Amino acid sequence: QLSEGHQSKNPRFTYTPLENPHTHFPWFQYILPMTYITGVLPPVTNEYLDRKALTVRELFIYIKVWLLMTNFVTTCPRSSWFDTAEPSMWARVPFRFNHHMYGYRFDKTTNVLHFTQKPTPVFRDKFHSVRDLICAFNEHMHNIFIPGWVSCGDESILVWTNIWTCPGWLFCPKKPHPYDNEYHFIFDRTSDIMYSAEIVEGKDRP
């Protein structure tokens with residue numbers, strides 16, 4: 001690299017206005033496109049909620065519950081995370097989320113969560129509901145993050161087994177999980193920070 005005249009630059013953020021940069025949550029918020037998260041998700045989702053409006057704080061609790069659930073492999077139904085049984089490491093799921101969010105509220109939010117305020121186009125666009133989210137993330141990372149001297153492209157599979165509920169459902173027989181949505185990501189290789197994403201729409205795009 002140096003012999004060819006390239007500079008060995010480390011990745012960096014354009015600014016870090018964090019009150020406490022040594023904890024995880026401020027960095028989690030910093031990476032997310034907060035203008036989109038606060039200005040789009042709660043208002044458009046509240047149009048479909050028939051009870052108490054979804055707040056930004058409750059939205060982050062909802063995201064936290066999902067992140068915690070995805071870290072545990074279990075065959076129990078999702079309702080097990082919200083039942084009143086005593087938690088046990090040896091039976092069902094190891095802990096409960098009722099003190100954070102009730103199960104009926106979690107299920108209702110999942111059912112009505114919307115990601116765009118734009119009207120449905122007149123043509124068929126199976127990815128209309130997620131385009132704003134992907135674009136907001138890419139634009140936000142472009143503004144706050146400068147990658148280092150080497151980047152890496154990756155094809156990642158998001159497991160989704162139901163062809164009827166998955167837009168752009170793909171069958172990739174060479175993958176460990178062949179039924180899926182597929183994304184193309186770009187990572188900064190020196191820090192392993194992902195700074196760009198695009199969804200595979202078919203054989204021609206992207």
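Here is a short tour of the protein and its two largest pockets.

This is a predicted model, in which local features need pLDDT of at least 70, side-chain atom pairs count only at pLDDT 80 or more, and totals for chains, interfaces and linings use all residues. Residues are numbered from 1 along each chain as its sequence is written, and side-chain values use heavy atoms, with hydrogens and water left out.

**Whole chain.** Start in cartoon view: you will find six helices and six strands (DSSP runs, H or I of at least four residues for helices, E of at least two for strands, numbered from the N terminus). From the N terminus on, they run β-α-α-α-α-α-α-β-β-β-β-β.

**Largest pocket.** Next, select Phe115, Val130, Leu133, Leu158 and Tyr183, which lie nearest the centre of the largest pocket among its 47 lining residues. A pocket is an open set of points on a 1 Å grid over the protein atoms alone where a 1.4 Å probe fits, with protein on both sides within 12 Å along at least five of seven lines; lining residues have an atom within 4 Å of a point. The space here is about 1900 Å³, a volume filled by probe spheres set on points joined across faces, edges and corners. Now colour α6 (128-144), which gives the most to this lining, with eight residues. Other contributors of two or more residues include α4 (56-69) and β5 (179-188).

**Second largest pocket.** Finally, select Trp66, Met69, Thr70, Phe72, Thr74, Cys76, Pro77, Arg78, Trp81 and Val159, the lining of the second largest pocket. About 350 Å³ of space lies there.
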